[in-house]
Amino acid sequence: MTFQNQTAIVTGAGQGIGFGIAQSLCQQGARVLLNDLDSVLCDEAAERIRQDGGTCAGLAGDASDVAFTRQLVQTAVERFGGLDLLVANAGLTLFGDFFDYESVRFEQVMNLNLRGSFFLTQAAARHMREQGRGGSVLLMSSVVGHQAHPGLAAYAMTKAALEMLAKNLVIDLSPHGITINALAPGATQTERTLDDPTYVPIWSRITPMGRPSTVADMTHAALFLLHPNSRHITGQSLVVDGGWTSVSPPPVA
Ligand SMILES: NC(=O)c1ccc[n+]([C@@H]2O[C@H](COP(=O)([O-])OP(=O)(O)OC[C@H]3O[C@@H](n4cnc5c(N)ncnc54)[C@H](O)[C@@H]3O)[C@@H](O)[C@H]2O)c1
């Protein structure tokens, strides 16, 4: 029960990687405020964790909305008596050809991935500073913050920027005992890609470790970075991608 008596917020956690992290934190004793934009997914996910014996509440809402990010922190504190861990997981992946990419799509991606993560971290860190017992923040990056990917220029910018945010905030957060790191998942099979019959064969072929990433791979890495024994790790980005970003296309005919 590594996270006993700790309170966490996990955004975008109705399914996918966020759900996996929220579920594992609860299994290890944390009390989790689980967020999703989709209120049905949010309620069902929180209920699923409670049925497994976890302490979890859902708060549906838009994690790109600054006022809502403050409400998330306030709710976690009121409901569970404090805040120790933040996983700013919610992120939007909007593919599109660069030459036709519309500003409305660009703004949607920036608003959630950057504005939402920045101000949620600010609200959480303000509370952790006042609370005076440290804390840990995890930002959700991506391999495409490291390596170019077709159709994802806007998204890739945001993920690279989040990794710089983790580095930069070391200055502000370390004096308060708060760590901040980023996790950069490789292609991870979630509900979003389960119905795509090409996903596993393609990613298995181009990933050195021979398969796409799983939610369990990400959960394991996230809990490592949030673990109390990892409190000297801060400002770092951890790539979990089965080696995909380590190699460039080989010179084969
Ligand atoms: N799945 C992957 O292959 C992969 C790879 C690299 C990085 N990531 C990153 O990991 C994170 C989670 O990705 P995923 O694929 O597990 O999740 P996902 O994209 O399937 O979304 C998870 C949940 O986020 C919710 N959501 C969407 N907009 C929201 C908003 N404005 N506020 C609150 N919730 C919102 C959705 O309703 C959904 O239930 C994202 O930041 C994503 O960029 C994912």
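Here is a walk through the chain, from its overall form to its strands, its ligand shell and a few single residues.

Keep in mind that this is a predicted model. The chain holds 8 helices and 7 strands. Its radius of gyration is 18 Å, close to the 18 Å that the globule rule gives for 253 residues, so the chain is as compact as a globular protein of that length. If you want a box for it, the C-alpha atoms fill one of roughly 60 × 40 × 35 Å along the principal axes. As for burial, 46% of the 253 residues count as buried. The contact pattern is worth a look too: take contacts between residues at least 6 apart in sequence, and 72% of them join residues at least 24 apart.

Let's start with the strands. Strand β1 (residues 7–10) pairs with β2 in the parallel sense, over 4 bridges, and along that pairing A8 stands opposite V32 of β2. Strand β2 itself is mostly covered, with 6 of its 6 residues buried. Which residues sit on each side of β2? On one face you find R31, L33 and N35, on the other V32, L34 and D36, and all of them are buried. So charged and polar names turn up here too, because Asp and Arg count as charged and Asn falls among the polar residues.

Now compare that with β7 (residues 237–240). This strand has a covered face made of S237 and V239, while L238 and V240 make up an uncovered one. Its partner is β6 (residues 178–185), and the two pair in the parallel sense over 4 bridges. P185 stands opposite V240 in β7.

Back in β2, L33 makes a good case to follow. L33 counts as buried because 26 C-beta neighbours lie inside 10 Å, and the cut-off for buried is 20 or more. Leaving aside neighbours within four places in sequence, L33 is in contact with I9, A57, L59, L72, T75, A76 and R79. Its C-alpha atom is separated by 16 Å from that of A125, which is 92 residues away along the chain.

L25, in helix α1, tells a similar kind of story. With 30 C-beta neighbours inside 10 Å, L25 counts as buried. Past the neighbours within four places in sequence, its contacts are F3, A8, A30 and V32. Two of those names came up above, where A8 stood opposite V32 in β2. L25 and N229 are 204 residues apart along the chain, and their C-alpha atoms are separated by 15 Å.

That brings us to the nonpolar core. In soluble globular proteins, nonpolar side chains tend to be buried together. Here the largest nonpolar core has 70 residues, and the members that touch the most others are I9, A22, V32, L34, V87, A124 and A222. V32 and L34 lie on one face of β2. Pick A222 from that list and set aside neighbours within four places in sequence: its contacts are I21, V87, L138 and L183.

Next, the ligand. Which residues come nearest to it? Of the 28 residues around the ligand, they are G12, G16, A63, G91 and S142. The elements that give two or more residues to this shell are α1 (16–27) and β2 (31–36), and α1 gives the most, with 3 residues. By type, the shell divides into 10 nonpolar, 14 polar and 4 charged residues.

Finally, two residues outside the buried class. A60 lies in strand β3 (residues 55–60). Is A60 buried, exposed or in between? A60 is partly exposed, because 17 other C-beta atoms lie within 10 Å, and that falls between the cut-offs of 20 or more for buried and 12 or fewer for exposed. A60 touches D36, L37, S39 and C42, not counting residues up to four places away in sequence. Of these, S39 is 21 residues from A60 in sequence and 4.9 Å from it in space, C-alpha to C-alpha.

N5 is found in the segment before β1. Its 12 C-beta neighbours inside 10 Å mean that N5 counts as exposed. The backbone of N5 deserves a glance as well: phi is near 65°, a positive value in a residue other than glycine.

Conventions. Residues are numbered from 1 along each chain as its sequence is written. This is a predicted model: local features need pLDDT of at least 70, side-chain atom pairs count only at pLDDT 80 or more; totals for chains, interfaces and linings use all residues. The radius of gyration is taken over C-alpha atoms; the globule rule is 2.2 Å times the number of residues to the power 0.38. Two residues are in contact if their C-beta atoms, placed from the backbone, lie within 7 Å. Two strands pair if DSSP finds at least two bridges between them. A residue is near a molecule or strand if its C-beta atom, placed from the backbone, lies within 6 Å of it. A nonpolar core is a set of buried Ala, Val, Leu, Ile, Met, Phe, Trp, Tyr and Cys residues joined through C-beta atoms within 7 Å.
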